[in-house]
Amino acid sequence: MEIINNILYGFSVSLQPINLLYCLVGVFIGSLVGVLPGLGPVASISMLLPVAFRIPTPTSALIMLAGIYYGAQYGGSTTSILVNIPGEASTIVTCIDGYQMARQGRAGPALGIAAFGSFIAGTLAVVGLTLMAPPLAHYALRFGPPEYASLMFFAFTILNYIARESIVKAFMMAGLGLMLGVVGMDFMTGQHRFSYGILALEDGLGIVPVVMGLYGISEVLINIEETAIRPVFKSKISGLLPNRQDWKESIGPIGRGSIIGFFFGILPGGGPVIPPFISYAIEKRISKHPERFGHGAIAGVAGPESANNAGVTSAFIPMLTLGIPATATMAVLLGALIMLGVQPGPLLMQKAPEIFWGTVTSMYTGNVMLLVLNLPLIALWVKVLKVPYPILFPLILLLCLIGVYSIHNTFIDIIIMNVFGIVGYLVKKMGYEGGPFILAFILGPLFENSLRQSLMMSKGSFSIFYARPICLIILIVAFAMIVSPLILRKRVRIGDDTR
Amino acid sequence: MLTKERITLVFWFALSFFFCIESYRLGLGHAHAPGPGFLSFWVSLVVGLLGVVLFLQEKGKKLVKGAAPLFKGKNLRNIIYANVFLYCYAGLLDKIGFFLCTLLFIGFCFKVIGSKKWKVTIWSSVSVAIGAYMVFGWWLAVKLPKGKWVESVLSLAGHLWK
């Protein structure tokens with residue numbers, strides 16, 4: 001009964017006209033950035049952080065930012081189907097059969113089933129989130145500093161799975177994130193660390209300039225160094241509604257994709273990227289006509305598209321209930337919430353129920369909006385695809401510049417962003433990844449505080465971490481996370497959702 | 001081992017060394033009362049060790065003949081121009097103000113990197129600057145700088161007018 005009351009309360013928040021408006025803005029921008037290759041949800045969320053800080057309430061801000069994240073998955077499928085370029089890492093699989101369908105003149109049903117599948121999966125995943133989050137948060141209320149320190153340590157083991165390239169390089173980037181995360185005043189002693197008298201560094205490096213530089217600026221730099229010209233979609237799209245046969249072939253993949261997406265999305269490093277691959281593999285294996293896959297099978301679009309949307313929604317569970325971001329985008333959202341004065345974690349549901357339940361229920365309305373928006377707006381998205389990058393990139397850079405300046409009205413933040421833009425560009429060129437850095441940069445200060453508080457509580461004894469049952473369980477799981485790839489000798493390559 | 005790996009390893013070792021020394025200088029404290037340099041010291045040590053692991057991993061790899069250099073086939077000129085424009089924007093924003101700075105930034109990006117025609121460049125940069133001012137300065141009420149130099153010129157012009 002309590003859950004129904006909570007949902008009703010959530011709807012009373014999310015259905016307020018202002019929140020509906022921000023939800024609409026979020027899903028629209030999300031769809032737009034999903035359509036634009038080279039501009040991922042992390043970059044767009046970080047670019048819009050300054051705008052989010054000007055939104056009257058944190059609830060509205062989070063509703064908008066969350067809308068961008070799940071909206072991007074809808075938009076990402078459009079480019080995959082029409083031009084064979086995945087707008088997001090999570091829509092790579094959609095290219096395989098979606099593009100073949102488009103080449104056979106069936107772009108309409110492919111886009112249609114992607115939108116319907118996304119809607120069904122997204123909605124089912126929100127139901128799962130609604131049911132799973134409260135018990136998890138309730139359990140996590142017993143946490144003290146040692147449990148939090150263990151939990152943060154566990155979060156760092158996620159790197160094992162977030163890393164697409166070398167694990168060693170991922171941990172080195174995380175180390176850099178931890179080291180730069182401590183720049184500024186030490187809250188326990190009041191001592192300034194690594195600031196060397198530079199006023200702008202005394203409060204630490206801001207999340208926004210760092211994230212914007214690392215993702216926004218560096219993505220533009222990576223794109224403008226390319227000399228190749230993007231292909232432009234030319235043919236017309238008609239008949240967006242899938243026929244009866246299409247539905248018959250898709251309904252099973254949509255159901256399975258939703259379940260796969262939901263459960264893999266909760267896992268650290270899962271998010272929306274890995275579930276589509278699993279869904280595609282399963283659909284191909286159980287299909288009566290596996291030979292059709294790769295040649296325009298609608299199940300090859302319906303399953304993965306459902307899986308990535310369910311994955312996006314379930315990735316909110318660890319972030320909202322435990323304060324652990326499972327993906328790079330979630331890390332940025334976590335940072336945004338902290339900057340808005342909200343601490344995600346088990347107390348969020350008690351201290352700020354309007355934020356928690358308002359955001360969760362906004363996802364129901366957001367999914368409806370996306371379905372209503374995306375089908376009629378496909379013609380617009382096709383036009384957006386035709387915008388040449390030389391026109392687009394100055395606008396992206398300008399958004400970053402204004403956004404970062406507007407936070408403290410100082411050009412120092414712009415310089416920090418530019419520096420991290422070059423750093424982001426170079427690390428990508430050298431085969432390093434930004435995701436582990438951001439995760440550690442945001443969690444670093446929280447980890448340091450909990451660790452030092454725990455050691456002070458135990459008078460310097462590390463036994464506090466294995467004398468407390470919850471700590472012990474978390475650390476055992478963390479240890480299993482570290483050694484499991486070594487034992488299996490097969491690391492599941494899971495990409496971050498930075499694009 | 002590839003040259004780019006060597007360069008990055010030197011960077012990592014230097015970084016690790018720097019943070020180790022600086023963290024030690026800040027104070028490591030004791031286990032019962034960790035100091036401000038406690039975490040960064042141990043993290044920098046781990047980063048140094050990971051650098052050694054990476055070195056050992058890369059040591060076995062032979063330089064592939066004909067391997068493409070890092071920037072081959074890439075338009076490095078665009079990267080340099082973009083960075084110059086970004087730093088100029090940061091440096092000039094307080095001096096010439098948001099509107100003029102944005103106008104010049106967009107104009108240079110369109111003309112120099114985007115290779116657009118003059119007419120398109122001027123028309124687009126003016127529209128973008130006005131649009132950005134309307135959205136951020138007027139609608140979102142962001143405090144955008146008017147520019148010290150521009151204000152001085154305007155004030156001088158005002159005096160001369162009187």
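This passage describes the fold of chain B, its contacts with chain A and the nonpolar core in a predicted model.

Chain B contains six helices and two strands, and along the sequence these elements run in the order α-β-β-α-α-α-α-α. The domain assignment divides chain B into domain 1 (3-59) and domain 2 (76-161), and the C-alpha centres of these two domains of chain B are 42 Å apart. The overall dimensions of chain B can be set beside this separation. Its radius of gyration is 25 Å, whereas a compact globule of 162 residues would have one near 15 Å. Along the principal axes, the C-alpha atoms of chain B occupy a box of roughly 70 × 55 × 30 Å. Buried residues make up 31% of the 162 residues of chain B. Of the contacts in chain B between residues at least 6 apart in sequence, 54% link residues at least 24 apart.

Turning to the partner chain, 52 residues of chain B contact 44 residues of chain A. On the chain B side, at least two residues each come from α1 (3-26), β2 (33-34), α2 (38-59), α3 (76-96), α4 (98-113) and α5 (118-139). This side of chain B comprises 34 nonpolar, 12 polar and six charged residues.

The largest nonpolar core holds 203 residues, among which A:L65, A:C400 and A:I438 touch the most other members. Helix α6 (residues 107-140) of chain A provides the largest share of this core, with 17 residues. Chain B takes part as well: domain 1 (3-59) and domain 2 (76-161) each contribute at least three residues to this core. Leaving aside residues up to four places away in sequence, A:I438 touches A:G177, A:V211, A:L214, A:A328, A:A331 and A:V332.

Key: Residues numbered from 1 in each chain as written. Chains lettered and ligands numbered in written order. Predicted model: local features only at pLDDT ≥ 70, side-chain atom pairs only at ≥ 80, totals over all residues. Domains from an automatic or database assignment. Core = buried A, V, L, I, M, F, W, Y, C linked by C-beta atoms within 7 Å. Buried ≥ 20, exposed ≤ 12 C-beta atoms within 10 Å, placed from the backbone. Helix = DSSP H or I, 4+ residues; strand = E, 2+ residues; numbered from the N terminus. Contact = placed C-beta atoms within 7 Å. Nonpolar A, V, L, I, M, F, W, Y, C, P; charged D, E, K, R; others polar. Rg over C-alpha atoms; globule rule 2.2 N^0.38 Å.
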